[in-house]
Amino acid sequence: GRSLGFGELAARAGELVPDADVDVVLRAVDDLDRVGEWTRGADVPRIVTGEVIFGIDEAQPGMRYASIVRCPVYGGTVRRLDDHAALAVPGVLRVLRMPAIGNAERPSVTEGVAVVAESTWAALQGRAALEVEWDEGVNASESTERLHRVCAELVDQPARRFHDVGDVDRAFRDAARVVEATYRLPFLAHAPLEPPNCQAHARADGCTLWVSTQVPQVARRAVASQFGWSNEDVTVHVARVGGGFGRRLGVDFIIEAVQLSRMIDAPVQVLWTRDDDLAHGFLRPFS
């Protein structure tokens, strides 16, 4: 009648040394109870009835809600800001410029303007009322056409051989027919159903996060490193993820939430819109 979790046994199991003289006999497929059997997803009924709490659903006492507008060009900065109309929107509390984090030409978190409000709706309405003029910066002239040219130039350079089997050059030279093709892969958005969002409560001695992330350990280390805490000072509550596909390997939206919480000295939820995610999220590479 006793039980232990896998984690409680893991350390002891790691000390065990397999006996090389013992022949392990695997069970026959017909004797297996679970492998090959169709099984219902345990959480599916709760998901489709709206009972499961995702990161976007979390709420902390005294929490503020924020939406951030960013330059249409990656790495751009604010040239002029008029926030009078935004501050007049009912429920809007503050409008704050969010400085970029990281390299000036390739920031890990881009500069933006945050509208902090009593609700997500008020934050979005306030954001729509903002008047922002942007300095588009060094990436303003970037284009798909230029990236195609760069890729083509790189392909024409001598290749590095990582592994050699046979004589490829001879095979091409002696072939009766050679077929050539060029494949171009554009930037692709991950576009999870739940857009990036994070709730952060930063204090002088550390921070607590409630976030849908695929890499809680990475998020913890990144926040601690960025803001001068130890890993132990950062607590990450991993919420149910509404789709990740690699987008939630990034920590940009998490750093933003911590940065803003420090600025307003209160817990805050930073929520990206679908448009934000498509325009500003980390994309699958162009090649």
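## Nonpolar cores

In this predicted model, the largest nonpolar core has 32 residues, and the members that touch the most others are Leu 209, Val 223, Trp 229, Ile 254, Val 258 and Leu 260. At least two residues of this core come from each of the following elements: strands S1 (64–70), S3 (92–98), S6 (112–117), S8 (197–203), S9 (206–211) and S11 (268–271), together with helices H7 and H8. H8 gives the most, with seven residues.

Val 258, one of the residues that touch the most other core members, illustrates the contacts made here. Apart from neighbours within four places in sequence, Val 258 is in contact with Ala 200, Ala 202, Cys 207, Leu 209, Val 223, Phe 227 and Trp 229. A second core, separate from the one above, has 15 residues, including Val 69, Cys 71, Val 95 and Val 113.

## Packing of H7 and H8

Two packed helices are described by the angle between their axes and the distance between the axes. For H7 (residues 216–227) and H8 (residues 252–264), the axes come within 10 Å and cross at roughly 40°. H7 is therefore oblique to H8, and the crossing is right-handed.

On the H7 side, the contact is made by Ala 219, Ala 222, Val 223, Gln 226 and Phe 227. On the H8 side, Ile 254, Ile 255, Val 258, Gln 259 and Arg 262 take part. Sorted by class, the residues of this contact are seven nonpolar, two polar and one charged. Val 223, Ile 254 and Val 258 belong both to this contact and to the set of residues that touch the most other members of the largest core.

## Positive phi in loops

Which residue of the loop between H6 and S8 is considered here? Ala 191 lies in that loop, which runs between helix H6 (168–174) and strand S8. Its phi is near 50°, a positive value in a residue other than glycine. Ala 191 has a relative accessible area of 35% and is partly exposed, because the value falls between the 20% limit for buried and the 50% limit for exposed residues.

Phe 245 is found in the loop between strand S10 (234–238) and H8. Although Phe 245 is not a glycine, its phi is positive, at about 60°. Is Phe 245 buried or exposed? With a relative accessible area of 52%, Phe 245 counts as exposed, because the cut-off for that class is over 50%.

Methods. Residues numbered from 1 in each chain as written. Predicted model: local features only at pLDDT ≥ 70, side-chain atom pairs only at ≥ 80, totals over all residues. Heavy atoms only, no water. Axes fitted to C-alpha atoms, helices over the stretch in contact; angles between N-to-C directions. Helix = DSSP H or I, 4+ residues; strand = E, 2+ residues; numbered from the N terminus. Parallel < 35°, antiparallel > 145°, perpendicular 65-115°, else oblique. Left-handed = near helix turned anticlockwise from the far one by under 90°. Contact = heavy atoms within 4.5 Å. Nonpolar A, V, L, I, M, F, W, Y, C, P; charged D, E, K, R; others polar. Core = buried A, V, L, I, M, F, W, Y, C linked by side-chain atoms within 4.5 Å. Buried < 20%, exposed > 50% of the residue type's maximum accessible area, 1.4 Å probe, protein only.
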